[in-house]
Structure formats: C-alpha cells, structure tokens
Amino acid sequence: RMRIGFLFNHDQIHQVAHSLPIALALAERQFAGEIVVATTTPRLAAEVERLGGSLIGTRIRHVRLSLKPFSRALARALGGVVPAAKILVYRDNLDFFRSLDVLVVAEKTSLLLKTRYGLKDLKIVHTRHGAGDRAIGFDKASAGFDLVLCSGPKIKERLVAATGLAPDAVRIVGYPKFDLLRPPTKIFPGEDSRPVVLYNPHPSPHLSSWYRDGRDILDFFLGNKDYRLIFAPHVMLFERKFVVSIDRLRILRPGRLADRYWQSPDIHIDLGSRASTDMTYTQAADIYLGDASSQVYEFLIRPRPCLFVNSHGCAWKGNPDFAHWRAGPVIGHASELADGLKRARESHAAVYRPIQERMFAETFDLDEKPSSQRAAEAIESFVDRSRSPFLHGEKRTA
C-alpha cells in the first residue's frame, strides 16, 4: 500500500503550517494509503499534535526521528552556528525514508536523500514555505523535486523560467497556511488609537535591515506618540548566536535586545513564539515595516500601508527578488522612518492599494475550495500517475 510521509525538520515551527494542512486534508479525504508525519524535535512534535488534533494517531501516524549518539554530540558542538542536526537526521534515519513512496517537505534540504544517499526512487514533493521573492526560492535545486506545489501564477512562471522545472511538475494550489487563518486579535491592552506597526526583519545578513538599522528602528518607537510597535522578526533571526546566510555566505551576530525595549509599553516583542508563525501579527497590525520576509504577502490578504528599509543600498527596481517592495515606499535608513511612515499612510489608497491587490492576485490563486484540499488533490493525482509495480513501496521490507 502507498506510504506517504510529511517531514518537519527544523529548529523552529514556521514550516509546519505550510504542509501539515495538506496531510490533514488527505486524511479527511480518506486517502487509501498510509499517511505518516515525521518530526525531529519536541517543539515540532507538539505543534503537529496541536494542529492535527484527533487525526494524529488515528488516520495519521506520528513518527519522531532522532539522531544517533555521535550525531547528537556533533550537533551540540556545531549547533550554535550551523543546523547540523537538521542535516544529520537524514543519514541517521535512512531506513525510515526508504520505507516511503512519497515524501512531502516544505524545505529543500531533503533533496540530500536523492543527491547524497541514493534514494532515487523516492518521490519528493515540495510545498514551499511562504510566497516570497528571494532568489533562493527559485534556484536550480527546485528542479530536483518530482512535484512542486505553489501558491499562484507568479510563482509558477518564475519557477519554470528559472529552474528548468517542467510546467506539469508545478501545480498551483493556493496557500494552505491561509486555511488556518483566524480573526485579528488585539495585541496591546487598553484603548489607544495609535496605528500599530509590525516590524518583521529577515534573518539573512545580506538582506536584513536588522543588523544596521534594527536598533535605531526600535528606538524610534520608544515613547512614540504616533505609533505602537510589534517587533516580530523572522523566527530564525534570534534562534542562534550567529546567523549564517547560505545563499551568499555571510555570518553575523544578531546580538541581544536592551532592557529598554522589553520594558516599553509601546513595543510588543516576540522573537519566536507560535504567534510569530500563525499570522497573528500580520493580522493585528495596521502598517507593515520590513525588508525581505515573505510575510508581507500574508499581510496583504487585507491591503494596508507598507514601508520597506533598504539597508544594503540594493538596486531593487525591476529586480524580481524585490518585487514586494512595489507595495509601499522604500527608505534607505532608520532616520527616514517618520517621513516614510507618513508617506506610506497618505499614499496608500490612491497609489499602493491597487498595486497591492494586483500583487496579491499574482501571488495567490485562491478560490472557494480550501487550498489544503487542492494540494491534497494534486498529490493524489501525482500518486496515481506515479503508481507502478516497480515502485519501491511494492518491495518494501522496513
């Protein structure tokens, strides 16, 4: 019988919402094969069980993958700088991966199973995580997947053009994470009419505004009479002592946050809780302030003012890696914040709202059917096409 696995292998939980809803939809559709969800940390296991509810352990089997003793020691030694555990888990669990016919992942590291460990028969489906514009999302590695699920026409067109993927290997399914969307919640207590700004810097050293401008941005909001701030960076910015950029090798230290920021009643700080990953803050904010994070597209589900910080002096106009910067004004330094926020608000209705609506439509193909259902159908169709007596699942012994 067909065995399909969903792998969650990361330090943080932000990728779970991009593919677990598809596993749940497959289970609800009474998928004829076996559905297995594999997690590699207690944090991921807890999030899977929270979101999966009663389906986990009944229609969906939950497997916890672990490292062998030598790998655990190596991961402890290197874990402060590089995600060693994330890489070693493949080698230490090859029997599990060999037992699968199809593996569904939200990241690209799992391609090691084909390129390094020789699991050529294993079909790997990429759900992607986020709908951003960064070049790494469209690199040649994407061509290593047997099927890629994407959110909308812009993503598909760029994937086909940039990676060499065949058009029929890319399916537009919408955005399963939106199936989990909840109504906005209030972040700050009391009655206050000041607009709430969400500052959401990316971790990558060559893209993020944090390393040069971040603390000046936080200082701007201390005691500010016009705005309040949610500081909810990408969950990987403060996960380790150092941030390593893999697509352009650089290493920087995010540092620590001074007490004055934590103690300010005008600033709400969240460096990586569940609320940083489940669209709580993109729903709650009135204005988006950022750089390269794909969360801006989640924010645009309701068009609102945006402002971007070009800390690296990028020549961004016409560059597809910065297409999201069309959604609002772009400033070059934290010293321009007051004017930038004013321009973002005053020009939003006439200038940027129509642009945002076009950007959202290009990025997300949504209809009345939940995206997770569409993705489940795409995987079922792929499985049907892939079925063969020579599938390794027919001769599985593990």
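In this predicted model, helix α4 is the element that gives the most to the lining of the second largest pocket, contributing 4 residues. Helix α3 also takes part, as α3 and α4 each supply at least two residues of that lining. The pocket holds about 360 Å³ of space. Its wall is formed by 19 residues, and those nearest the centre are Asp11, Thr40, Thr41, Ala85 and Lys86. Sorted by class, the residues of this lining comprise 8 nonpolar, 6 polar and 5 charged.

The two helices that share in this pocket lining also pack against each other. The axes of α3 (residues 69-78) and α4 (residues 84-92) come within 9 Å and cross at roughly 165°. With angles over 145 degrees counted as roughly antiparallel, α3 and α4 are therefore roughly antiparallel to each other. The crossing in which α3 passes α4 is right-handed. On the α3 side, the contact is made by Phe70, Ser71, Leu74, Ala75 and Leu78, and on the α4 side by Ala84, Ala85, Leu88, Arg91 and Asp92. This contact has 7 nonpolar residues, together with 1 polar and 2 charged ones. Ala85 is worth a second look: this residue belongs to the contact with α3 and is also among the residues nearest the centre of the second largest pocket.

Turning from pockets to enclosed space, a search of the whole structure finds 3 cavities of 30 Å³ or more. The largest cavity has a volume of about 100 Å³. It is lined by 15 residues, with Thr127, Arg128, Leu149, Gly174 and Tyr175 the closest to its centre. Two elements give two or more residues to this lining, namely α1 (16-28) and β6 (147-150). The class make-up of the lining of the largest cavity is 8 nonpolar, 6 polar and 1 charged.

The second largest cavity encloses about 60 Å³ of space. Its lining draws on two stretches of numbering: Leu181, Arg182, Pro183, Pro184 and Thr185 on the one hand, and Asp278, Met279, Thr280 and Gln283 on the other. By class, this lining has 4 nonpolar, 3 polar and 2 charged residues.

Key
Residues are numbered from 1 along each chain as its sequence is written. This is a predicted model: local features need pLDDT of at least 70, side-chain atom pairs count only at pLDDT 80 or more; totals for chains, interfaces and linings use all residues. Side-chain values use heavy atoms; hydrogens and water are left out. Axes are lines fitted to C-alpha atoms, for helices over the stretch in contact, and angles run from 0 to 180 degrees between N-to-C directions. Angles under 35 degrees count as roughly parallel, over 145 as roughly antiparallel, 65 to 115 as roughly perpendicular and the rest as oblique. A crossing is left-handed if the near helix is turned anticlockwise from the far one by less than a right angle, and right-handed if clockwise. Contact means heavy atoms within 4.5 Å. Ala, Val, Leu, Ile, Met, Phe, Trp, Tyr, Cys and Pro count as nonpolar, Asp, Glu, Lys and Arg as charged, and the others, Gly among them, as polar. On a 1 Å grid over the protein atoms alone, a cavity is a set of points where a 1.4 Å probe fits but cannot get out, and a pocket is an open set with protein on both sides within 12 Å along at least five of seven lines; lining residues have an atom within 4 Å of a point. Grid points are joined across faces, edges and corners, and a volume is the space filled by probe spheres set on the points.
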